[in-house]
Amino acid sequence: MAEALMKHFYGHAAYVQSAGVHNDLEIDGFAIAVCAEIGVQLESHRSRSFDEMEQWGDDLSGFDLIIALSPASLRRAQELTRHFHVAVEHWLILDPSGIGQKREAQLAAYRQTRDMLIDRMQGRFGPPTQTDDA
């Protein structure tokens with residue numbers, strides 16, 4: 001969600017690449033649904049891991065900022081960038097996976113996560129510079 005939201009609100013003002021500790025392969029259907037509610041499309045998004053980024057030639061030393069959304073991602077980002085001058089931030093964002101038994105409760109958790117991400121982005125990077133799909 002974070003990469004798609006960032007691209008949606010800030011366009012090409014920055015290079016944005018999401019990565020996790022593990023590659024989940026499929027984008028979560030609840031994430032797709034709650035992002036679609038605000039006009040952000042996730043269907044074509046590809047999930048990747050830090051290791052895949054390195055294998056594909058993304059040099060982490062070329063990034064200015066890495067934002068980790070989980071303690072595991074924070075540890076991995078710090079480990080991978082310990083010899084580079086790359087800022088690493090940890091945003092405490094709700095992990096909605098596994099919350100709620102019924103569909104509406106699950107969607108509510110994903111909406112809360114989406115809204116937390118948007119609030120943090122706008123707090124860190126200012127108001128959106130665009131609202132069209134990037």
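Here are some notes on the fold, its helices and a few residues worth finding in the viewer.

1. **What you are looking at.** This is a predicted model, in which local features need pLDDT of at least 70, side-chain atom pairs count only at pLDDT 80 or more, and totals for chains, interfaces and linings use all residues. Residues are numbered from 1 along each chain as its sequence is written, and side-chain values use heavy atoms, with hydrogens and water left out.

2. **The layout.** You should find 5 helices and 2 strands in the protein. Helices (H or I, at least four residues) and strands (E, at least two) are DSSP runs, numbered from the N terminus. Follow the chain along the sequence and the pattern reads α-α-α-β-α-β-α.

3. **Overall size.** The C-alpha trace spans about 45 × 30 × 25 Å along its principal axes. The radius of gyration is 15 Å, which agrees with the value near 14 Å for a compact globule of 134 residues. That quantity is taken over C-alpha atoms, and the globule rule is 2.2 Å times the number of residues to the power 0.38.

4. **Inside and outside.** Of the 134 residues, 35% count as buried. Buried means under 20% relative accessible area, exposed over 50%, and partly exposed in between (1.4 Å probe, protein chains only). The accessible surface comes to about 8000 Å², and 50% of that belongs to carbon and sulfur atoms. Areas come from the Shrake-Rupley method with a 1.4 Å probe; for residues, only the protein chains shown count as cover.

5. **Contacts along the chain.** Take the contacts between residues at least 6 apart in sequence: 64% of them join residues at least 24 apart. A contact here means heavy atoms within 4.5 Å.

6. **Helix 4.** Scroll to residues 71-81 for helix 4, where Arg-75 lies. Its buried residues are Ser-73, Leu-74, Arg-76, Ala-77, Leu-80 and Thr-81. What do they pack against? The partners are helix 3 (50-55), strand 1 (65-68) and strand 2 (87-90). When you look at the spacing, remember that an α-helix has 3.6 residues a turn, so residues three or four places apart point the same way.

7. **Three residues in a row.** Arg-75 counts as exposed because its relative accessibility is 54%. Arg-75 and Val-21 are 54 residues apart in sequence, yet their C-alpha atoms are 9.4 Å apart in space. Arg-76 is buried, at 18% relative accessible area, and leaving aside neighbours within four places in sequence, Arg-76 is in contact with Val-21, Phe-50, Asp-51 and Glu-54. Ala-77 is buried too, at 1%. Not counting residues up to four places away in sequence, Ala-77 touches Phe-50, Ile-66 and Val-88.

8. **Helix 5.** Does its length fit its residue count, or what span should you expect? The 23 residues of helix 5 (residues 103-125) should span 33 Å at 1.5 Å a residue, and the end C-alpha atoms are 32 Å apart, which agrees. The expected span is 1.5 Å times one less than the number of residues. Buried residues in helix 5 include Leu-107, Tyr-110, Leu-117 and Met-121. The buried residues of this helix pack against helix 1 (2-10) and helix 2 (29-36). Just after helix 5, Gly-126 takes a positive phi of about 90 degrees.
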